[in-house]
Amino acid sequence: MAFRRKGNRKGGTTLPGCRPSPSNGLPVVASGVPSLDNLLGGGLHVGSCIVVEEDEFGSYARILLNLFAAEGVVSGHSLYVGSASEDPAEMLDHLPGMVNSVQTSGTATDATASSTAMGSIREEDDDAGADSLKIAWRYEKQAPGGASSGGAQQSHFSHTFDLSQKLEVPSGLKRGMFNALALDCDNTYAELLCSLDRFVDEHSLHAGSSAVLRLCLHCVGSPLWTGSEDE
């Protein structure tokens with residue numbers, strides 16, 4: 001869940017790690033999965049709540065949660081992580097790292113070589129072939145979902161992560177954690193809401209309305225969470 005206090009909801013936005021949605025101009029944040037952002041029309045709307053139904057073993061949902069949190073770290077967003085089955089501190093220590101710059105540079109080099117080859121072929125072909133290559137050249141720079149793959153906004157908005165790497169979380173990152181396993185109470189849901197309320201107030205007081213807070217609640221429907229049946 002990506003959260004910010006009510007404020008200016010115009011199309012233009014200066015929020016870090018955000019961009020206007022192509023569909024309605026409202027600010028969106030990256031999910032951590034670029035292909036998922038394309039399917040969602042550009043990303044997750046700021047202020048939205050996303051509920052993911054877990055698979056039998058919870059593996060894919062956990063990976064998606066880790067990618068969402070890792071994207072928040074890279075984008076400079078504040079994080080709040082709550083769980084009733086794992087230590088949130090351990091979860092933050094095992095976020096996936098970004099794809100290294102060597103691979104990115106290699107891709108850019110390959111793209112340059114491919115572009116040079118296409119330029120050479122275009123000069124040698126006849127007029128009909130040249131028109132066909134010009135069309136291919138135009139769409140070569142178009143990413144899935146209509147976003148330009150060469151734009152600086154795209155590269156800074158959505159990142160690619162490597163599950164085999166580890167992300168170094170900055171020590172100055174504003175973070176909040178809720179470990180239900182460490183509590184001895186009858187209603188951990190109520191304690192979670194109180195903790196969330198305090199953290200959101202603190203975040204708004206220090207960061208103001210110009211910063212994004214990502215809420216990551218792990219296995220929120222698990223029976224390990226306790227609560228009153230009347231609430």
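Two strands count as paired if DSSP finds at least two bridges between them. Keep that in mind for the first exercise, and remember that this is a predicted model.

**Exercise 1. The small sheet**

Work out how β2 and β3 pair, and over how many bridges.

Solution. Start with the cut-off: at least two bridges are needed. Strand β3 covers residues 27-29, and β2 joins up with it over 3 bridges, in the antiparallel sense. For a concrete bridge, take Pro20, whose partner in β3 is Pro27. Now widen the view: 3 strands make an open sheet, ordered β2-β3-β4, with antiparallel pairing. The edges belong to β2 (18-20) and β4, and each has a single partner strand, so one side of each lacks a neighbour in the sheet.

**Exercise 2. A parallel pair and its faces**

Find the sense in which β5 and β8 pair, then sort the residues of β8 by face.

Solution. Strand β5 (residues 78-83) runs parallel to β8, with 5 bridges between them. One of these links Leu79 to Arg175 in β8. For the faces, recall that side chains in a regular strand alternate between the two faces of the sheet. Go along β8 (residues 175-179): Gly176 and Phe178 are on the covered face. On the uncovered face you'll find Arg175, Met177 and Asn179.

**Exercise 3. Into the cores**

Say which elements feed the largest nonpolar core, and which gives the largest share.

Solution. The largest core has 21 residues, and Cys18, Val29, Val73, Leu79, Leu95 and Cys216 have the most contacts inside it. Two or more residues come from each of α2, β5 and α3 (88-93). The largest share is from α2, with 6 residues. There's also a second, separate core of 11 residues, among them Ala180, Leu192, Phe199 and Leu213.

**Exercise 4. The salt bridge**

Locate the partners of the salt bridge and classify each as buried or partly exposed.

Solution. The structure holds 1 salt bridge. Glu86 and Arg62 form it, with 2.5 Å between the closest N and O atoms. The pair connects distant parts of the chain, 24 residues apart: Glu86 is in the loop between β5 and α3, while Arg62 is in helix α2. Next, apply the cut-off: buried means under 20% relative accessible area. Arg62 comes in at 17%, so Arg62 is buried. Glu86, at 28%, counts as partly exposed.

**Exercise 5. Three more residues to place**

Give the location and exposure class of Ser48, Leu163 and Val220.

Solution. Begin with Ser48, which sits in the loop between β4 (44-45) and α2 (59-75). Its relative accessible area is 19%, so Ser48 is buried. The Ser48 side chain also reaches the backbone oxygen of His45, at 2.5 Å.

Leu163 belongs to strand β7 (residues 161-166). Exposed means over 50%, and Leu163 qualifies because its relative accessibility is 55%. Together with Tyr60 and Ile63, Leu163 makes a nonpolar surface patch of about 340 Å².

Val220 is in the segment after β9 (213-218). With a relative accessible area of 37%, Val220 is partly exposed. Finally, check the C-alpha atoms of Val220 and Tyr189: they are 9.0 Å apart, though the residues are 31 apart along the chain.

Key. Residues numbered from 1 in each chain as written. Predicted model: local features only at pLDDT ≥ 70, side-chain atom pairs only at ≥ 80, totals over all residues. Heavy atoms only, no water. Patch = residues over 30% accessible without salt bridge, like charges linked within 9 Å, V, L, I, M, F, W, Y side chains within 5 Å. Areas by Shrake-Rupley, 256 points an atom, 1.4 Å probe, with all protein chains shown as cover. Salt bridge = Lys/Arg side-chain N within 4 Å of Asp/Glu carboxyl O. Helix = DSSP H or I, 4+ residues; strand = E, 2+ residues; numbered from the N terminus. Buried < 20%, exposed > 50% of the residue type's maximum accessible area, 1.4 Å probe, protein only. Polar contact = N/O pair within 3.5 Å; in protein donor to acceptor, adjacent residues only side chain to side chain. Core = buried A, V, L, I, M, F, W, Y, C linked by side-chain atoms within 4.5 Å.
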